[in-house]
Structure formats: structure tokens, C-alpha cells
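The following exchange examines a two-chain model through questions and answers.

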Amino acid sequence: MSALGHYIEEEGIATVAISLIRPQTENTEPPRALWVPFELGRPFGPPSDPAFQKRVILAALRLLEREDGPVLIENFPEDDPRAQPDPAWQPPFIPTAVSAGPAETLASRLETEILLLIDAHEHWIGQHGRTTVGLSGLSVSDCARYVADWLHGRVPPSLRDGFSAPLMLRFAVDDVKAYCLEAAAAGPAKPSSRQLGDWFWSGTGAGAAIHALRAAQLASEDDRLKLIAGNFMVPAARVRSAG
Amino acid sequence: MTRLTDLPPTQAKRLAELECPDFETRPWVTGPALSQRRVAIVSSAGLVVRGEMPFRGRDPDYRVISAATKAEDLLISHISINFDRTGFQEDRNVVFPLDRLNDLANEDVIGSVAATHYSFMGATDPVQMEPHARELAGRLKRDRVDAVILPPV
């Protein structure tokens, strides 16, 4: 982020920022920045494309050798090839997609889908050697159970020191999302983030359960819970209109 | 290709108009050729090492990420959910390009890679981050870092 560039450079170390939001960088005026035309979340562009990533980082680092600043804000000229959908991608098989229904049904469906996706997720781990499930500190089935408890109208205590119950819920939701999206991307195809998001938020019971959880907690009298449910569970672009 | 015009209008407006501090200086530090620089990553993606405390809300401090941290032990705990995480799930270098820095060092394009890297959580008010960033600069100097790349998320 560009403001950090000011502070660190004032302390005597040269910096170069990557910029995803050009107007923000223009306002902040860091010593040096490279604007990249990639989606939020991908400052170095496509995953599993070392040559492309290297071109991005080198274009940024080369700004350290320029003498015509401050302020330097340059543009990276290439688009992310992985932003395009892959027509060969097929989502994992989940029988009878559920997009809405009573909270109890969605809670049960969520827990079932976690089991249905085990093979696909193990395939993912075999392919990439890693999972990003882990913020909650729980297993993904325990995350699903924790989320299901909330859907059943209970308020289960936090299961980790240092987390309030609403924060525990937020990280459990994060882990469920990470697990499902990793499972969905297993295999040789290279789905775009939009393909994966369309599938998760519109084609799975897990997505429907998180939508329902958000809607239910928005009616809570706990302002902190309302804030977390409203802003930190369903991406703004995926929020369903009321009704 | 994704630009602000691809985001929901309210999100795009909020991001473009985020307030930033009114900086009174225009710092500009020069240094040796890139091939002699020691480079560190200071991310604002809310990165944490697995098992450590994630960023909670808008914590203004930073987390320490050793260069020896395994790819499977790096997680994103940024407060915002309005950005793609699937790229990072597949390849940490999309957000945290440590392998690419190592490539560049092996090719003698840069001098070396820092022993330690860092992450803030970028949705925090920069004014709250300032004392932590200045303290971090001291750590970077002790690691002989003379070039910092600042990736957002």
C-alpha cells in the first residue's frame, strides 16, 4: 500500500508499491508505484505463471533505478490471461443444487457438501501441495458444524482463545469458502475467479447457507455481529437483494 | 482484465475515494544498481503464518514472515472479502512473490532476498500504521535491506 512507502522511505529505505487502484495511488503519491491492470487480490497477476509474475515484479523493481522522481507511477502493459473463463472447467458434482430454503435444511446441506467435496479437495492438495484452510484453527468439518449451529439459531461459544464468537464465525465461514473453492478448482482446467464465484454463490448449498446466515444475523441486536455478518461474509458483488 | 469499472459502483467509488494522509514530504531514496540490492516484501494483504493470530478487525501492527515459511503455512486474514482469494489459494506468489524474488537473486538480477518479510492489513487507517511502519524500517535496516516492494491485495 502506497502510504507505507512514504513512511519507510522517510526512514531511509527505497520503496516501490504495486498499485491495483490507480486513483488511490495518485492521491497518496508514493515515491514509486507500478499500476497493474489485474483484479483485486492478484497484485502479481496469474497464478502458476512464474514468467508473467517475474515480468511484473521486475517492472516494479526497475523503478528503483530511475532518477526522475518523486513521484513515479507507471503502468504495467499486460493483462492477466487467467482472468478469462476456461470453457473446459466443470464444477465438482453436487446433486440437486439448493439455492434457498429453511435455515435447518441449509445447515444440513452445508455439512453434507463438505463431505461430498472431500475427494476433490484431496485432489487439490495433491496438485498444489497446500491448502489455505486454517484461519479458524478448526477442521473444515468443525467449521461447517460451527456455522450450522448458528444457522440453527444457537450462539455457540468461540472455540479459540482471542476470538470473540462473531470473529470465530467469520473465520469459520472463511475456511468453508476456501475449502469449497479449492475443491472446485481441482483438476487440469484453469477456471477464472468469476467462474468459481458463480458456482459457489449460486450453485452450492454452502453458498446458500452463508447467504442465509448473513440475512439472519443482520436482524441481530448485537451490533458487532451485525457488522461482521453484513460486511465480512458475502462479497458485496454477491449480496442478494432483500425479498 | 479487471478495473474499477468492473466492480459494483458503490465499492468502486469507496475504493477510489478512500481518504489518505496529507503527506508533507516527498521522500526519495536512491541506491545502488538492482543487482546489488537486498529486497524485502512488505505486504498489506493481512498475511499470517498458520497457527499465529490472524489480523482481528483493523489491527494496525504487522506480522513477521520468515523467508523460510513454507507455502502451505501462509494464510490471508485481510478483513475485506471483496477481492479474489482463489489466485492466492493456487499460488502464493500472486500475492507474496517470494519465489520470484529468489529466482531473480539466483539470476543475479537482484543482489539478495531479505531473511524476513512482513505484512500489514491494508484496510487499517495509515495513520494508525505509521509508528509500526517506522519501527519496521529499523528492522529492515538491521537485515541490510535497501529495497522494499509493497504489494497490496
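**Helix crossing and chain contact**

In this predicted model, α3(A) and α3(B) are roughly perpendicular to each other.

Student: At roughly what angle do the axes of α3(A) and helix α3 (residues 98-106) of chain B cross?
Tutor: The two axes come within 10 Å. Angles of 65 to 115 degrees count as roughly perpendicular, and the pair is therefore placed in that class. The crossing angle is roughly 80°.

Student: Which residues of α3(B) meet α3(A)?
Tutor: On the side of chain A, the participants are A:Pro50, A:Gln53, A:Lys54, A:Ile57 and A:Leu58. By class, this helix contact comprises 4 nonpolar, 1 polar and 3 charged residues. The residues contributed by α3(B) are B:Arg100, B:Asp103 and B:Leu104.

Student: Is A:Arg55 buried, partly exposed or exposed?
Tutor: A:Arg55 belongs to helix α3 of chain A. Burial requires 20 or more other C-beta atoms within 10 Å, and exposure 12 or fewer. Because A:Arg55 has 17 such neighbours, this residue is partly exposed.

Student: Which residue of β7(B) is the bridge partner of A:Val16?
Tutor: β1(A) pairs with strand β7 (residues 147-150) of chain B in the parallel sense, over 4 bridges. Within β7(B), the partner of A:Val16 is B:Ile149.

Student: How many residues does chain B give to the contact with chain A?
Tutor: Chain A supplies 70 residues. Elements giving two or more of them include β1 (14-19), α3 (50-62) and α7 (165-184) of chain A. That side has 40 nonpolar, 17 polar and 13 charged residues. For chain B, the number is 72 residues.

Note on methods. Residues numbered from 1 in each chain as written. Chains lettered and ligands numbered in written order. Predicted model: local features only at pLDDT ≥ 70, side-chain atom pairs only at ≥ 80, totals over all residues. Contact = placed C-beta atoms within 7 Å. Nonpolar A, V, L, I, M, F, W, Y, C, P; charged D, E, K, R; others polar. Pairing = 2+ DSSP bridges. Axes fitted to C-alpha atoms, helices over the stretch in contact; angles between N-to-C directions. Parallel < 35°, antiparallel > 145°, perpendicular 65-115°, else oblique.
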